[in-house]
2 protein chains.
Amino acid sequence: MCPSREVLEHVTSRWGALTLAALSSEPARFGELRRCVDGISEKMLSQTLKGLEADGLVDRRVQSTLPPHVDYALTPAGEKVAAAVQALIVSLYDVMPDVMAVREGA
Amino acid sequence: MCPSREVLEHVTSRWGALTLAALSSEPARFGELRRCVDGISEKMLSQTLKGLEADGLVDRRVQSTLPPHVDYALTPAGEKVAAAVQALIVSLYDVMPDVMAVREGA
DNA sequence: CCGTATCCTTACAGATACTG
DNA sequence: CAGTATCTGTAAGGATACGG
């Protein structure tokens, strides 16, 4: 199975898309993301970020200060993918009226 | 949590995106989809199609002939979402060289 | 041909507690 | 603040066999 399938599964994993979307406006810190991505646990955020980082979509910058300060930002590749994810989310908002109508009607 | 989150999870579920992509070129039959979406089981295809149908993204047309003939097609709403999914996949292909490079380098 | 029903295994994901 | 470790339940997903 082609390697892009793996990346697709990372990006479209339960939290992958939301995390990319959260980073697309601006870099953010761990705690910010945790509050921003509604419902995500520390564990899953950490895991999701690691996956995206391993794929080269997210860049992790550590400042070894006290207390530690870590920023997560999109790489150029990440920006392209995140833009597509955003477009997908927008298209979803676009069709939500239809979706709701079908759900009721059924 | 907003209702669009549910639809997002359907669309970005393991097989959701691939199924939408497979339908975006033209309507297809169950068996065709099964062969087209590499690795999917009958159970998951059935389940995925049901979810997308319940969201009003996919239309199911049955001809009660013998043997039975069933076509799955995108609804107008489904077309919009599928287009966005396609764009996402294209963006992924676009960045795959970078991804591969990062994976090796690491 | 188009699915549904059943069984079974894994791995996803939440809660909690703890470390640098 | 920014995570990691462990423990545990749930449910997603695969294989197979059968029904309309």
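**Exercise 1.** Which helices and strands of chain A and chain B each supply at least two residues of the surface near DNA strand C?

*Solution.* The model examined here is predicted. Begin with chain A: helix 4 (42-54) is one of the elements that meet the condition. Turn next to chain B, where helix 3 (30-36), helix 4 (42-54) and strand 3 (69-74) do so. Finally, consider the shares: helix 4 of chain B gives the largest, with four residues.

**Exercise 2.** Describe the surroundings of DNA strand C by residue and by class.

*Solution.* First, establish the number: 18 residues surround the strand. The closest are Lys43(A), Arg29(B), Ser46(B), Arg60(B) and Tyr72(B). Then sort the surface by class, which yields eight nonpolar, three polar and seven charged residues.

**Exercise 3.** Determine which parts of DNA strand C face the protein, and give examples of individual polar contacts.

*Solution.* Take the strand atoms within 4 Å of the protein: 58% belong to sugar or phosphate, and the rest to bases. Among the contacts to bases, an N or O atom in the side chain of Lys43(A) is 2.6 Å from a base oxygen. In chain B, the side chain of Glu42(B) has an N or O atom 3.2 Å from a base nitrogen. For the phosphate, a polar backbone atom of Gly31(B) is 3.4 Å from a phosphate oxygen.

**Exercise 4.** What relation connects chain A and chain B?

*Solution.* A turn of 180 degrees, with a shift of 0.0 Å along the axis, lays chain A on chain B with an RMSD of 0.0 Å. This is the relation of a two-fold axis. Within chain A, the residue closest to the rotation axis is Thr12(A), at 2.5 Å (C-alpha). Lastly, 97% of the interface residues of chain A are also interface residues in chain B, so the copies meet through the same surface.

Notes: Residues numbered from 1 in each chain as written. Chains lettered and ligands numbered in written order. Predicted model: local features only at pLDDT ≥ 70, side-chain atom pairs only at ≥ 80, totals over all residues. Heavy atoms only, no water. Least-squares fit on C-alpha atoms with pLDDT ≥ 70 in both. Contact = heavy atoms within 4.5 Å. Near = heavy atom within 4 Å. Polar contact = N/O pair within 3.5 Å; in protein donor to acceptor, adjacent residues only side chain to side chain. Nonpolar A, V, L, I, M, F, W, Y, C, P; charged D, E, K, R; others polar.
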